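The paragraphs that follow walk through a protein model, beginning with side-chain burial and aromatic pairs and ending with the packing of two helices. Please keep the structure in view while reading.

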Amino acid sequence: MATKTSTSKITDDKIIGLYMDAVLEHEIHPRSVYKFCKDQKIKEEEFYRFFGSFEALQKAIWNKFHINTVGLLHKNKEYDGFSNKDKMLTYFYTMFELLTLNRSYVLFTLDGNRKMLDKMAELKELRTHVKEFATELIEEANADKTLKITKQSPRIFSEGAWLQFLFLLKFWMDDSSAGFEKTDLAIEKSVTTIFDVFDNTPLDSLIDFGKFLYKENFA
């Protein structure tokens, strides 16, 4: 967790850490940039050097989850040789590992009494990042296909990846299994399903994934 620091060492990451700590410590989002900066012993202009508002900062937190996820992916020397399916699996596994490290903040900021539209506004920029990541994967896959009829729509695939992320996020928030192993299983099954759908062999995976969802929601 971040600690109070001198303005000479202020970075966007420092402000984000201070903000997340403040939210969890006081169990409320700060109402005033002035009061927040005063409490954290930083200058208000330092805050505005990185963020124009708390809303911008909140969006930046989700952006950091994506940026740090992608950074970790590319530190793996074997990543570039992965299949597109394994790249998506690794992306989601890594993303939810980072979310788990910050679970208290994520649960507080998404699982309160805030309106759903407010929550989705906070995730708006992350949605763009996730869709761009998925678009790159499907465009790579399409480049290897010679027949136009076998190529898949990046727009549809990317939107499906975002909906998949929202499903997994809700699943993870409700997951009480040790080490969130059920979330890992949901990631595996959902990614397998969506790639099988785009490979036109969906039946077995759809049935398997459907059984998994039925068991988790109704068993």
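A residue is called buried when its relative accessible area is under 20%, exposed when that value is over 50%, and partly exposed in between. The model shown here is a predicted one, and in it Trp 62 has a relative accessibility of 0%, so Trp 62 counts as buried. Phe 65 is likewise buried, with a relative accessible area of 6%. These two residues lie three residues apart in helix H4, and are therefore separated by about one helical turn.

Ile 67 also belongs to helix H4, which covers residues 54–75, but its relative accessibility is 48%, so Ile 67 counts as partly exposed. Although Ile 67 and Leu 126 are 59 residues apart along the chain, their C-alpha atoms are separated by 9.7 Å.

Attention can now turn to the aromatic rings, which count as a pair if their centres lie within 6.5 Å, and as edge-to-face if their planes are over 60 degrees apart. By this rule the model holds 17 aromatic pairs. One of them joins Trp 62 and Phe 65, whose ring centres are 5.4 Å apart and whose planes stand at 70°, so that this pair is edge-to-face. Tyr 79 and Phe 82 form another edge-to-face pair, because their ring centres are 5.8 Å apart and their planes stand at 65°. Within that pair, Tyr 79 counts as buried because its relative accessibility is 4%, whereas Phe 82, at 24%, counts as partly exposed. Elsewhere, an aromatic cluster is formed by Tyr 19, Phe 36, Phe 47, Tyr 48, Phe 50, Phe 51 and Phe 54.

Tyr 19 leads on to the packing of helices, since this residue of H1 is among those that meet H6. Two packed helices are described by the angle between their axes and the distance between the axes. For helix H1 (residues 12–26) and helix H6 (residues 103–110), the angle is about 65° and the axes are 10 Å apart. That angle makes H1 roughly perpendicular to H6, and H1 passes H6 in a left-handed crossing.

Which residues in H1 and H6 meet? On the H1 side they are Tyr 19, Met 20, Val 23 and Leu 24, and on the H6 side Ser 104, Tyr 105 and Phe 108. Sorted by class, this contact of H1 with H6 has six nonpolar residues, one polar residue and no charged residues.

How values were computed. Residues are numbered from 1 along each chain as its sequence is written. This is a predicted model: local features need pLDDT of at least 70, side-chain atom pairs count only at pLDDT 80 or more; totals for chains, interfaces and linings use all residues. Side-chain values use heavy atoms; hydrogens and water are left out. Axes are lines fitted to C-alpha atoms, for helices over the stretch in contact, and angles run from 0 to 180 degrees between N-to-C directions. Helices (H or I, at least four residues) and strands (E, at least two) are DSSP runs, numbered from the N terminus. Angles under 35 degrees count as roughly parallel, over 145 as roughly antiparallel, 65 to 115 as roughly perpendicular and the rest as oblique. A crossing is left-handed if the near helix is turned anticlockwise from the far one by less than a right angle, and right-handed if clockwise. Contact means heavy atoms within 4.5 Å. Ala, Val, Leu, Ile, Met, Phe, Trp, Tyr, Cys and Pro count as nonpolar, Asp, Glu, Lys and Arg as charged, and the others, Gly among them, as polar. Buried means under 20% relative accessible area, exposed over 50%, partly exposed in between (1.4 Å probe, protein chains only). Rings of Phe, Tyr and Trp (its six-membered ring) pair if their centres lie within 6.5 Å; planes under 30 degrees apart count as stacked, over 60 as edge-to-face and the rest as tilted.
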